[in-house]
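Hi,

Here's the structure I promised to pass on. Have it open while you read, and I'll go through what turned up.

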Amino acid sequence: MLFRSLVWSPADGVGPAIVAIDRLRLGQVVENVVTNALKFSPSDAPVLIEPSLEEAALVIAVSDDGPGVAPGDRERLFERFERLGAREPGIGLGMYLSREIARAHSGELEVAEPRRRGATFVLRVPLVPERAAQDQRSATSAVDRKSTRLKSSHTAISRMPSSA
């Protein structure tokens, strides 16, 4: 099957939230978890992606209908080179690196109780506290104003006649 069903299902009332992240690295985590869900679940089964806000964190849960992860293997899965006997290609670093990236963001990646028949992986990233968010918005606004002034100055300079 060439196409798979990915279901993005935000919880009711989830609005904008501010998180301080390296979007490439955290994107790598989400991509790895979703790719594994697709790889280990039946080709006709959807993968459910559920973003939500919980306490002071942005939470992204990814659930599949694959074979799941036994409770005794849930921590072992995040060890270097661990593949839990999988027959799929890989070297066993994806989940290890994904958890390390989550922790570098002061977050966590874990295998939770399954929400469906297979496995549920949950990524938690702390929200930026409101005061810090206000400061960040103010700083961004100041940089935008400064950038606009620099662009205006650059335009003025570029219009100066050349001395020849």
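Let's start with Arg115, a good residue to click on first. Arg115 counts as partly exposed because its relative accessibility is 47%, which falls between the 20% and 50% cut-offs. One thing to keep in mind throughout: this is a predicted model.

So what does Arg115 pair with? Its partner is Glu50, and the two form a salt bridge with the closest N and O atoms 3.1 Å apart. Arg115 sits in the loop between β4 and β5 while Glu50 belongs to strand β2 (residues 47–54), so this pair ties together parts that are 65 residues apart in sequence. The general idea is simple: side chains of opposite charge can pair when their charged atoms come close.

**The overall layout**

Zooming out, the chain has three helices and five strands. Read from the N terminus, the order of the elements is β-α-β-β-α-β-β-α. The chain has 164 residues, and 30% of them count as buried. If you take contacts between residues at least 6 apart in sequence, 63% of them join residues at least 24 apart.

**More salt bridges**

How many salt bridges are there? The count comes to ten. Here are a couple besides the one above.

Arg76 pairs with Asp73, with 3.0 Å between the closest N and O atoms. Both ends are partly exposed: Arg76 has a relative accessibility of 35%, and Asp73 has 22%.

Glu75 forms a salt bridge with Arg99, and there the closest N and O atoms are 2.8 Å apart. This pair links distant parts of the chain, since Glu75 is in the loop between β3 (57–63) and α2, whereas Arg99 is in helix α2, 24 residues away. Is Arg99 buried or exposed? With a relative accessible area of 6%, Arg99 is buried, because buried means under 20%. There's also a wider network here: salt bridges with shared partners join Glu75, Arg99, Arg103 and Glu108.

**Helix α2 and what surrounds it**

Arg99 has company. The buried residues of α2 (residues 94–104) are Met95, Tyr96, Ser98, Arg99, Ile101 and Ala102. What covers them includes α1 (23–40), β4 (108–112) and β5 (120–126). Just after the helix, have a look at Ser106, which takes a positive phi of about 60 degrees.

Leu93 is in the loop between β3 and α2. With a relative accessible area of 22%, Leu93 is partly exposed. Leaving out residues up to four places away in sequence, Leu93 touches Arg80 and Phe81. The C-alpha atoms of Leu93 and Leu77 are 9.6 Å apart, and these two residues are separated by 16 residues along the chain.

**Strand β4**

In a regular strand the side chains alternate between the two faces of the sheet. You can see two faces on β4: Leu109 and Val111 are on the covered one, while Glu108, Glu110 and Ala112 are on the uncovered one. β4 runs antiparallel to β5, and five bridges join them. Within that pairing, Val111 stands opposite Phe121 in β5.

**A cavity and a pocket**

Searching the whole structure turns up one cavity of 30 Å³ or more. The largest cavity has a volume of about 40 Å³. Its lining is made up of Val29, Val30, Val33, Ile60, Val62, Leu109, Phe121, Val122 and Leu123. α1, β3 and β5 are the elements that give two or more residues to that lining. What kinds of residues are these? Nine are nonpolar, with no polar and no charged ones in the lining.

The largest pocket has a volume of about 720 Å³. It is lined by 35 residues, and those nearest its centre are Asn36, Lys39, Phe40, Leu77 and Met95. α1 and α2 each supply at least two residues of the pocket's lining, and the largest share, eight residues, comes from α1. This lining divides into 18 nonpolar, ten polar and seven charged residues.

If you want a route through the model, try Arg115 and Glu50 as a first stop, then the network that includes Glu75 and Arg99, and finish at the pocket around residues such as Asn36 and Met95.

Cheers

Key:
Residues are numbered from 1 along each chain as its sequence is written. This is a predicted model: local features need pLDDT of at least 70, side-chain atom pairs count only at pLDDT 80 or more; totals for chains, interfaces and linings use all residues. Side-chain values use heavy atoms; hydrogens and water are left out. Buried means under 20% relative accessible area, exposed over 50%, partly exposed in between (1.4 Å probe, protein chains only). Helices (H or I, at least four residues) and strands (E, at least two) are DSSP runs, numbered from the N terminus. Contact means heavy atoms within 4.5 Å. A salt bridge is a side-chain nitrogen of Lys or Arg within 4 Å of a carboxyl oxygen of Asp or Glu. Two strands pair if DSSP finds at least two bridges between them. On a 1 Å grid over the protein atoms alone, a cavity is a set of points where a 1.4 Å probe fits but cannot get out, and a pocket is an open set with protein on both sides within 12 Å along at least five of seven lines; lining residues have an atom within 4 Å of a point. Grid points are joined across faces, edges and corners, and a volume is the space filled by probe spheres set on the points. Ala, Val, Leu, Ile, Met, Phe, Trp, Tyr, Cys and Pro count as nonpolar, Asp, Glu, Lys and Arg as charged, and the others, Gly among them, as polar.
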